[in-house]
Every structure is written in structure tokens, then in C-alpha cells.
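Colleague: Before I accept the labels attached to this model, I should like to hear the reasoning behind them. Please set each value against its criterion.

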Amino acid sequence: MSRLVFVLNGPNLNLLGKRQPHIYGHETLADVERDCRELAVELKLELRFHQSNREYEIIDWIHEARETAGAIVINPAAFTHTSVAILDALNAFDAPIVEVHISNVHQREEFRHRSFVSLRADGVIAGLGTQGYLLALRHVARLIDAA
Ligand code: DQA
């Protein structure tokens, strides 16, 4: 199985570290990318790390992953709760998918309790801060190793 993993981030995550730090913490997305890349070296994974505020770009990356990747780690941000289009794209991807949320969405507003993406994700990590990305990478690396 391909050792390429796509780490995809949805809208407003470009503001990580500046936006509502009491909820999302002080680390920036660049910090998260650096930590993911360091771990990827240890796990012998190749990474594509992307963020977009545009739904179609995330869909296009999922389509690209479909041709090339062994797993997807995705924090769809607000699209989690709204996007049937991202769910449909993920449904066309045949390898493992882990959904990550920095905050514990279940402790927050009612509208965040519903995730379209969870209908497809093999696992969901929420509320562990940015560590969730690293745990997700460790999980998919194990699955890829075992395949
Ligand atoms: C988030 C939770 C979403 O509800 C929110 O819209 C985000 C970030 C998280 O990582 O905790 O933008 O996905």
C-alpha cells in the first residue's frame, strides 16, 4: 500500500494560533505541519499537507489522494458539519480515513455534534488538541505497515 498520506485542513485553520486560542490553542498550522513532517520521517511516511478555505479544493485533493495515497487524515473544520460533497468525495476513497478535531466538538454547540465526514471516517479523534494529528498519523502508519 502507498506510504503517501494526505493531511487535509478545512476553512479557518490557516488562523490556528491566532483564532480563539482558548479553544484551539496557541500552535499555528505551520507548527502542526512541522510536527507531522518530523513524525512522518520516523514512521517512513510521505506527506502532502494542505489547508484551504474552499470546499472544491479539498474535494480536488481527495480525488488526487484516490489515485496516489494510502490514507487520509482530515480536519474538515466547519465543512465537517455541512458538506455532503466532501463526504461523497471521501466515499470514493478506498483506504483508511481518520477525522481529526482539535477541540472536543461534542462539548460545544449542538450543530458541531453532527459530522457528515464521520459517516465515512474509520476513526475520529476530537479534543486532544493538535496531538490528534500525530495520533492519527501513528494509526494510519500501523494500518499501512500491516497491509
Ligand atoms: C474543528 C471543529 C469545528 O467545529 C470547527 O468549525 C473548526 C475546527 C476543530 O478542529 O476542533 O473550524 O474542526
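Colleague: Why are helix H3 (residues 55-68) and helix H4 (residues 84-91) called roughly parallel to each other?

Modeller: In this predicted model, H3 and H4 pack at an angle of about 5°, with their axes 9 Å apart. Angles under 35 degrees count as roughly parallel, and H3 and H4 are therefore given that description.

Colleague: Which residues make that contact, and how do they divide by class?

Modeller: H3 contributes Glu-55, Ile-58, Ile-59, Ile-62 and His-63, while H4 contributes Ala-85, Ile-86, Ala-89 and Leu-90. By class, the contact of H3 with H4 has 7 nonpolar residues, 1 polar and 1 charged.

Colleague: What makes H2 and H5 roughly parallel to each other?

Modeller: The axes of H2 (residues 29-43) and H5 (residues 131-146) come within 10 Å and cross at roughly 25°. The limit is again 35 degrees, so H2 and H5 are roughly parallel to each other.

Colleague: Is the crossing of H2 and H5 left-handed or right-handed, and which residues meet there?

Modeller: H2 passes H5 in a right-handed crossing. Val-32, Asp-35, Cys-36, Leu-39, Glu-42 and Leu-43 of H2 meet Tyr-133, Leu-134, Leu-137, Arg-138 and Ala-141 of H5. The contact of H2 with H5 comprises 8 nonpolar and 3 charged residues, with no polar ones.

Colleague: How do you know that Asn-75, His-81 and Ser-103 make polar contacts with the ligand?

Modeller: The criterion is a pair of N or O atoms within 3.5 Å. A polar side-chain atom lies 2.8 Å from a ligand oxygen atom in Asn-75, 2.7 Å in His-81 and 2.6 Å in Ser-103. Each pair therefore qualifies as a polar contact. The residues surrounding the ligand also include Arg-19, Tyr-24, His-101 and Arg-112.

How values were computed: Residues are numbered from 1 along each chain as its sequence is written. This is a predicted model: local features need pLDDT of at least 70, side-chain atom pairs count only at pLDDT 80 or more; totals for chains, interfaces and linings use all residues. Side-chain values use heavy atoms; hydrogens and water are left out. Axes are lines fitted to C-alpha atoms, for helices over the stretch in contact, and angles run from 0 to 180 degrees between N-to-C directions. Helices (H or I, at least four residues) and strands (E, at least two) are DSSP runs, numbered from the N terminus. Angles under 35 degrees count as roughly parallel, over 145 as roughly antiparallel, 65 to 115 as roughly perpendicular and the rest as oblique. A crossing is left-handed if the near helix is turned anticlockwise from the far one by less than a right angle, and right-handed if clockwise. Contact means heavy atoms within 4.5 Å. Ala, Val, Leu, Ile, Met, Phe, Trp, Tyr, Cys and Pro count as nonpolar, Asp, Glu, Lys and Arg as charged, and the others, Gly among them, as polar. A residue is near a molecule or strand if one of its heavy atoms lies within 4 Å of it. A polar contact is a pair of N or O atoms within 3.5 Å; within protein, one must be able to donate a hydrogen and the other to accept it, and residues adjacent in sequence count only if both atoms are side-chain atoms.
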